[in-house]
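I sat down with this model today and kept a few notes as I went. Here they are, for anyone who wants to follow along at the bench.

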Amino acid sequence: VKKPKIVVLGAGYAGMMTTKRLTQQFSPEEVDITLVNKHNYHYQTTWLHEVAAGTIDVNRSRIMISDVINTRHVNFVHDTVKQINKDDKTVELENGTLSYDFLVIGLGFEKATFGIPGMEEHAFSIQSVDKSRMIRDHIEYQFSRYRNEQDPDPSMLTIVVGGAGFTGIEFLGELAERIPALCKKYDIPRQDVKIIDIEAMSTILPGFDEDLLSYAKESLEARGIEFKLGTMIKEVKEDRVIVGEDREEIKTDTFVWTGGVQANRIVGESGFELTKGKVNVDATLRTPEQDDVFILGDCAWVMNEETGKPYPPTAQIAIQEADVCAHNIRTLIYGGTLRTFHFDNKGTVASLGGSDAMGTVFEGNKLYGMQAKVMKNVIDDRYLFMLGGPKLVLRKGKFRPF
Ligand code: FAD
């Protein structure tokens, strides 16, 4: 009997956890499992704001795939996905082609530019280890340049962040920690550095509890972050951003866009129908047309039936979707009842840099400061434990509060 071929694209939260669950549910004699990723490491996307600000080392945020996935059970292909041909059930890679019986797409997100002129070309985004490391190096280089010029332009030390959602706020928190250290390193007064956040909504962190977002805003403002709320970004140029109805120009050499994500463009280019940049899937996590293709994580548009709104793009959701996906692949092979996705919200905590954080856990309990930071670390360590057991927690974990 031919063994079913399961191909998982992307080793992010969704892809890694699906692969892990598949290896637990099937023996190597039952199925062929292939995991494709463009790097030989998995990275913690939820830590990339720290890499981008330079508050953690790059290597802390990444884990070799062969350290946590049994490569005798899983065929790991270190390659880049180019296109998915769903009609003939193949995937084109940079260096070959794979065929599948079941496909799991976990290729993650890329920046959504909303058609804002210049955003594609001139904005940095916190999107991968490589792109985050470039932000870190770029910021540090600006400090070095500023120090070396006779009459330096203040735009070298003006950092503009677009968006005050979860990623934007967490990145600002890390910048608030990192900038004083860079000032010290390059002998630059702190008041020479400006960090400005531009947000189109009238509030930061839309959807968060009022007390929590006030806490976050005050904590960041106290450390020198300026907010321009209710202000649309109109255009991004190489050396400035143009904002608001009066088209105010803010000169900057560093503009980091955190204002929106969409599915990896490969899914749209492969002919999957998109809703607001993501693939519409049903509660079994498949598109209505393809019953052998699962789409998870930030590539998927999954409706929350209770609220009538789509689930937000979060690691917590991607990880929970992986369980449903692995179960459903087993069901499609051996029969039984397909599971539908229901989100079990364990809470959300945003770090604000250093030992500060805020958020909710266990049905709305609010946490602030050090308590919240400890909880954030527990959440991060729990994921590492699920992926690689206590050894991985010891190597990469955040068991210390700061
Ligand atoms: P990803 O984790 O992005 O993984 C996609 C994988 O696909 C990557 O490994 C990538 O290398 C690979 N890949 C991409 N293109 C190709 C290709 N062409 N070929 C081969 N491989 C490819 N969520 C939370 O729940 N809590 C948080 O605290 C939180 N904090 C965040 C902080 C930041 C700074 C950011 C950016 C996001 C945060 N999120 C958080 C959101 C969360 O990180 C995403 O929702 C989550 O990463 C989505 O998981 P994924 O598996 O869909 O994609």
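My entries follow, from ground rules to domains, ligand shell and strands.

**Ground rules.** I am working with a predicted model, in which local features need pLDDT of at least 70 and side-chain atom pairs count only at pLDDT 80 or more, while totals for chains, interfaces and linings use all residues. I number residues from 1 along each chain as its sequence is written.

**Domains.** I looked up how the chain is divided, and found domain 1 (5-38 + 79-111 + 261-344) and domain 2 (120-257). The bounds come from an automatic or database domain assignment. I then checked the distance between the domain centres: taken over C-alpha atoms, they are 34 Å apart.

**Ligand shell.** I went to the ligand next and counted 33 residues around it; a residue is near if its C-beta atom, placed from the backbone, lies within 6 Å. Gly10, Gly12, Gly108, Gly297 and Thr314 come nearest. Both domain 1 and domain 2 contribute, with at least three residues each. Helix 1 (13-25), strand 2 (32-37), helix 2 (48-53), helix 6 (166-186) and helix 9 (315-334) each give at least two shell residues. Here helices (H or I, at least four residues) and strands (E, at least two) are DSSP runs, numbered from the N terminus. I sorted the shell by character and got 14 nonpolar, 16 polar and three charged residues. In this sorting Ala, Val, Leu, Ile, Met, Phe, Trp, Tyr, Cys and Pro are nonpolar, Asp, Glu, Lys and Arg are charged, and the others, Gly among them, are polar.

**Strands 6, 7 and 8.** I followed two hairpins here. Strand 6 (residues 81-85) pairs antiparallel with strand 7 (residues 90-93) over four bridges; pairing requires at least two bridges found by DSSP. Val81 faces Leu93 across this pair. Four residues lie between the two strands of this hairpin, and Lys89 in the turn has a positive phi of about 55°. Strand 7 also joins strand 8 (residues 96-99) through four antiparallel bridges, with Glu92 opposite Thr97. That hairpin has two residues between its strands.

**Strands 14, 15 and 16.** I ended on an open, antiparallel sheet of three strands, ordered 14-15-16. Strand 14 (233-237) and strand 16 (248-251) are its edges, each pairing on one side only. From one strand to the next the twist averages 20°, using axes that are lines fitted to C-alpha atoms and angles from 0 to 180 degrees between N-to-C directions. Strand 15 (residues 240-243) meets strand 16 over four bridges, and Val241 sits opposite Ile250.
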